[in-house]
Amino acid sequence: MIVGATKAEDDRYLALALSLGRRGQGQTWPNPAVGCVIVANGRVVGRGWTSPGGRPHAEVQALAQAGPNARGATAYVSLEPCAHHGRTPPCAEALIAAGIVRVVAPLEDVDPRVEGKGFAMLRAAGIAVTTGVRAAEAAQDHAGFFLNREQGRPLLTLKLALTLDGRIATATGESQWITGPEARRQVHAMRARHDAVMVGAGTARIDDPSLTVRGLGVTRQPVRVVVSRRIDLPLMGHLARTAKDIPVWICHGRDADPSLVEAWQGLGATLLPCEVSGRQLEVASVLGALGTAGLTRVFCEGGGALAATLLGADLVDELVVMSAGLLLGAEGRPALGAMGIDRLAEAPRLDLVESRIIGPDVMTRWRRPIA
């Protein structure tokens, strides 16, 4: 144990563990992105974070780096250590075997296989356990994993790149590029921190996007998700040509043409049948299918109709707006499709959490209000 460890020291080292865990966001699904720091006599002797694909876990990596220095040390972990046997033994057992004498973690894992069992295992072995440190920050970091386990859906971030007058393209559909290169690089960094990038069928047809992370050297590209009830997508487009190399998942209606389902499967895509509501896919069903497939964090980049539907269904957890200093007028394409709102009281309201200048553009981030 750190002799005379203070609340400030616990806070500082757990902040480091959380920052390490964020390095794995977008890479570890279906597992949470966890960070771990081993501290002995006031010195960091081991660090680790969950590897791409979810294995090895953060604790195992940090313990391997610490080696014999782990005996008598404190482990700072950004989520309760796992307590169940899967492809690897429980991390709680690894901490016990290494001689860790104290564990500081912000909160319990909501996965029913853990849910307090990891802390109980540590305490039964005589290890002191401190919880509650930076709990709110950890809950935000793990929000996607928690939503997957508790509601069966991933966290959804919606990104809009628009003009000062709220347009995302000219009347002819030209949209490249509304924002500058600095903002676009920031978007690639955001893609990298999500398990999947999602667009609607219209965006896939008009823009023929690659939806990949470029210029950042990621180990694991995000899944490319297209929401298309009838799978009316170009079979010679970029997504089709690269489906065998980088995952493409198509969320479609159960009434889609079976020959198109077969064609896309032949190209290497994964087809996810979803429920239909009226003339559109039911977005709750779409997110449910993605959650069942293991996704915890999804980054939606349009288009306007899909964005409006997600907002109307109260399924947007975070909204990122990249605003550029140009104007397109009423004939430009609006950022959002029709939402059927007659009164201000019916409109979704979000809380501003960040505002930042990026090159010539402004980025704002908004979240759903805490109930």
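Which residues does R214 touch, not counting residues up to four places away in sequence? In this predicted model, R214 touches H188 and R191 once those sequence neighbours are set aside. The residue is placed in the loop between α8 (201–207) and β9 (223–227). Its relative accessibility is 42%, and R214 therefore counts as partly exposed, a class that lies between the limits of 20% and 50%. The side chain of R214 is also joined to that of S210 by a polar contact of 2.6 Å.

R214 belongs to a set of positions annotated as "binding site" in an unreviewed UniProt entry, which covers S175, R191, T203, L211, R214 and E301. Within this set, R191 is located in helix α7. In contrast to the partly exposed R214, R191 is buried, because its relative accessibility of 9% is under 20%. Leaving aside neighbours within four places in sequence, the contacts of R191 include three further annotated positions, namely L211, R214 and E301. The remaining contacts of R191 are with V197, T212, V213, P222 and F299.

Helix α7 also leads to the sheet of the model. An open sheet of nine strands with mixed pairing runs in the order β11-β10-β9-β8-β14-β6-β15-β18-β17. The edges are formed by β11 (270–274) and β17 (351–358); each has a single partner strand, so one side of each is left without a neighbour in the sheet. From one strand to the next, the twist averages 20°. Strands β6 (residues 155–163) and β14 (residues 297–300) pair in the parallel sense over four bridges, and L155 stands opposite R297 in β14. Helix α7 (residues 181–192) packs on this sheet and touches β6, β8 (196–200), β14, β15 (318–324), β17 and β18 (361–367). The direction of α7 makes about 165° with that of β15.

A separate "binding site" annotation, likewise from an unreviewed UniProt entry, covers H57, C82 and C91. These positions are spread over 35 residues of sequence, yet they cluster in space, with a largest C-alpha distance of 9.3 Å. H57 is found in the loop between β2 (43–49) and α2 (58–66), whereas C82 lies in the loop between β3 (74–77) and α3 (91–98). H57 has a relative accessibility of 13% and so counts as buried, the limit being 20%. C82 is buried as well, because its relative accessible area of 9% falls under that limit.

With residues up to four places away in sequence not counted, H57 touches N31, T50, C82 and C91. On the same basis, C82 touches H57, E59, P90, C91, A92 and V114. Each of the two residues thus has the other and C91 among its contacts. In addition, a polar atom of the H57 side chain lies 3.5 Å from the backbone oxygen of G54.

Burial is also a feature of helix α11 (residues 283–292). Seven of its ten residues are buried, so α11 is largely enclosed by the rest of the structure. The buried residues of α11 are V283, S285, V286, L287, A289, L290 and G291. The helix is followed by G294, whose phi is positive, near 110°.

Note on methods:
Residues numbered from 1 in each chain as written. Predicted model: local features only at pLDDT ≥ 70, side-chain atom pairs only at ≥ 80, totals over all residues. Heavy atoms only, no water. UniProt positions renumbered as here; feature names shortened; annotations may be inferred. Helix = DSSP H or I, 4+ residues; strand = E, 2+ residues; numbered from the N terminus. Buried < 20%, exposed > 50% of the residue type's maximum accessible area, 1.4 Å probe, protein only. Contact = heavy atoms within 4.5 Å. Polar contact = N/O pair within 3.5 Å; in protein donor to acceptor, adjacent residues only side chain to side chain. Pairing = 2+ DSSP bridges. Axes fitted to C-alpha atoms, helices over the stretch in contact; angles between N-to-C directions.
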